[in-house]
Each structure stands twice: as C-alpha cells, then as structure tokens.
Amino acid sequence: MIKSAFGTIVLAIILSASAAQAATLVNRDTASHSIIIVEEDNRRELVVEAGQELTDICQGVCNLYIGNDPEPYDIASTDKLEIYDGQLLYQSDTPEGTVQE
C-alpha cells in the first residue's frame, strides 16, 4: 500500500513538471521587437521590449514570427530562446549574459 501511494505521488510530480513546461524568450537587444505567436487557432501579437523576458509563450508546439520575417520558427514548449542582434536564437547559441549595446 505504501509503495503504491509513493509511486502515485512520484508519477503525479513527473507529470505536473512536464505539463508545466512552456517556452521562454528573452530580448537581449537594446531595441524592442514585434513578434507573432501562432499556436493552434490562437494568434498573439506582442512587442518584446529591450531586456524583457516572456514566459509561457508556447505550451505545446507553435510558430513564432519575428519582425517582418515571413518565415516562422517552429517552437516547442521546452525551448529557451533569445533575440540577439535582431535574430531569434536558442540560448545555447548566444554569449552568456550578453546584452547587445
């Protein structure tokens, strides 16, 4: 009985942690950028200010458009993104802690 209850608790924690993931975006530039996020039938237009971090931008899989670029970026809920020098990059692609001057 105790093993069963413990297993249920561990499974609930794992499922809630994976369900809570959502993509994040940080603007490392000194200028703001317009973005469009399309997830299923929902379309959101946002302005990301310099230094601003957006959380929960994509709960599953979505398309993200930046500026006037007509090509979407495919974004997953686990992605950590940055705008650096006007480009959308994964955080691992940018110099750590950099803010464009």
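Which residues of the largest nonpolar core touch the most other members? They are L25, I35, I57, L64, I75 and L88, out of a core of 15 residues. Keep in mind that this is a predicted model. A good way in is strand β5, which supplies three residues, the largest share of this core.

**The core**
- Three strands each put at least two residues into this core: β2 (33–39), β5 (61–66) and β7 (80–84).
- L64 is one of the residues touching the most other core members. Setting aside neighbours within four places in sequence, L64 is in contact with I35, I36, I37, I57, E71, P72, Y73, I75 and L88.

**The two faces of β5**
- Side chains alternate along β5, with C62, L64 and I66 pointing to one face, where they are buried.
- V61, N63 and Y65 point to the other face and are not buried.

**Who β5 pairs with**
- On one pairing, β5 joins β2 in the antiparallel sense, over four bridges. Here N63 in β5 stands opposite V38.
- β5 also pairs with β6 (residues 73–76), again antiparallel and over four bridges. For this pairing, look at D74 in β6, the bridge partner of N63.
- So much for the strands themselves; next comes the link between β5 and β6.

**The β5–β6 hairpin**
- Six residues sit between the two strands of this hairpin.
- G67, in the same hairpin, takes a positive phi near 60°.

Note on methods:
Residues are numbered from 1 along each chain as its sequence is written. This is a predicted model: local features need pLDDT of at least 70, side-chain atom pairs count only at pLDDT 80 or more; totals for chains, interfaces and linings use all residues. Side-chain values use heavy atoms; hydrogens and water are left out. A nonpolar core is a set of buried Ala, Val, Leu, Ile, Met, Phe, Trp, Tyr and Cys residues joined through side-chain atoms within 4.5 Å. Buried means under 20% relative accessible area, exposed over 50%, partly exposed in between (1.4 Å probe, protein chains only). Contact means heavy atoms within 4.5 Å. Two strands pair if DSSP finds at least two bridges between them.
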